[in-house]
Amino acid sequence: MIRLGFLLAILFSISCKKKDPVTPELSVSSVEELFAAAGGESEVTVTSNVSWSIGNAAAWYTATASTTQGNGKIRLTVEANPNAGERA
């Protein structure tokens, strides 16, 4: 009976261990998008095994995600540039 209790204790200990953490992976189909002065739209594909997020850093463009859980797409919309210079 002691052996059975010891075996059950070991099995319980093994089954209660935390699972190995997932190594986060994230890649995008393009790291740079170029737009004409007239503006436009583009789409970037995100491949990921974790949650992710995006932010809009400038008033002249928007980035909209189809999802932020795993694989998804980001729609980039850029307004026309009234100036001759480049925007970054």
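**Notebook: one helix, four strands**

I started with confidence by element: helix α1 (residues 2–15) has the lowest mean pLDDT of the elements in the protein chain, 47, and β2 has the highest, 94. The pLDDT here is the predictor's own confidence in each residue, on a scale from 0 to 100. Residues 1–5 fall below 50, and this stretch has zero contacts in the model beyond near neighbours in sequence. For contact I use heavy atoms within 4.5 Å. Where pLDDT is low, the predicted coordinates should not be read in detail. Across the protein chain the average pLDDT is 81, with 77% of the residues scoring at least 70.

Ground rules for myself: this is a predicted model, local features need pLDDT of at least 70, side-chain atom pairs count only at pLDDT 80 or more, and totals for chains, interfaces and linings use all residues. Residues are numbered from 1 along each chain as its sequence is written, and side-chain values use heavy atoms, with hydrogens and water left out.

**Layout**

I looked up the elements next and got one helix and four strands, running α-β-β-β-β from the N terminus. These are DSSP runs numbered from the N terminus: helices are H or I with at least four residues, strands are E with at least two. Of the contacts with a separation of 6 or more, 39% come from residues 24 or more positions apart.

**The sheet**

In what order do the four strands of the open sheet lie? I read off β1-β2-β4-β3, with antiparallel pairing. Pairing here takes at least two DSSP bridges between two strands. The edges are β1 (26–28) and β3 (61–65), each pairing on one side only. The twist averages 20° from one strand to the next; axes are lines fitted to C-alpha atoms (for helices, over the stretch in contact), and angles run from 0 to 180 degrees between N-to-C directions.

I then went through the pairs.

- β1 and β2 are antiparallel over three bridges, and V28 sits opposite V46 in β2.
- β2 (residues 40–48) and β4 (residues 72–78) are antiparallel and joined by seven bridges. G40 faces V78 in β4, and V46 has G72 as its bridge partner in β4.
- β3 and β4 are antiparallel over five bridges, with T62 opposite T77 in β4.

So V46 turns up twice in my list, opposite V28 and bridged to G72. I also checked the β3 and β4 hairpin: six residues lie between the strands, and G70 takes a positive phi near 75°.

**The core**

Which residues make up the largest nonpolar core? I found six: V44, V46, W52, A63, I74 and L76. The elements giving two or more residues to this core are β2 and β4. A nonpolar core is a set of buried Ala, Val, Leu, Ile, Met, Phe, Trp, Tyr and Cys residues joined through side-chain atoms within 4.5 Å. Buried means under 20% relative accessible area, exposed over 50%, partly exposed in between (1.4 Å probe, protein chains only). By that cut-off, 16% of the 88 residues in the protein chain count as buried.

I picked two core members to follow. L76, leaving aside neighbours within four places in sequence, is in contact with E33, F35, G40, E41, S42, V44, T62 and A63. A63 belongs to strand β3 and counts as buried because its relative accessible area is 15%. With the same neighbours set aside, A63 is in contact with I54, N56, I74, R75 and L76. I took one distance too: A63 and S42 are 21 residues apart in sequence and 9.7 Å apart in space, C-alpha to C-alpha.

**Two buried polar residues**

Is S48 buried or exposed? S48 is buried, since its relative accessible area is 11%. This serine is in strand β2, and its side chain reaches the backbone oxygen of V50 at 3.0 Å. Not counting residues up to four places away in sequence, S48 touches E25, L26, G70 and N71. G70 is the hairpin residue with the positive phi.

N81 is in the segment after β4 and is buried, with a relative accessible area of 14%. Its side chain reaches the backbone oxygen of G85 at 2.8 Å. Neighbours within four places in sequence aside, N81 is in contact with A37 and R87.

Note on methods:
Polar contact = N/O pair within 3.5 Å; in protein donor to acceptor, adjacent residues only side chain to side chain.
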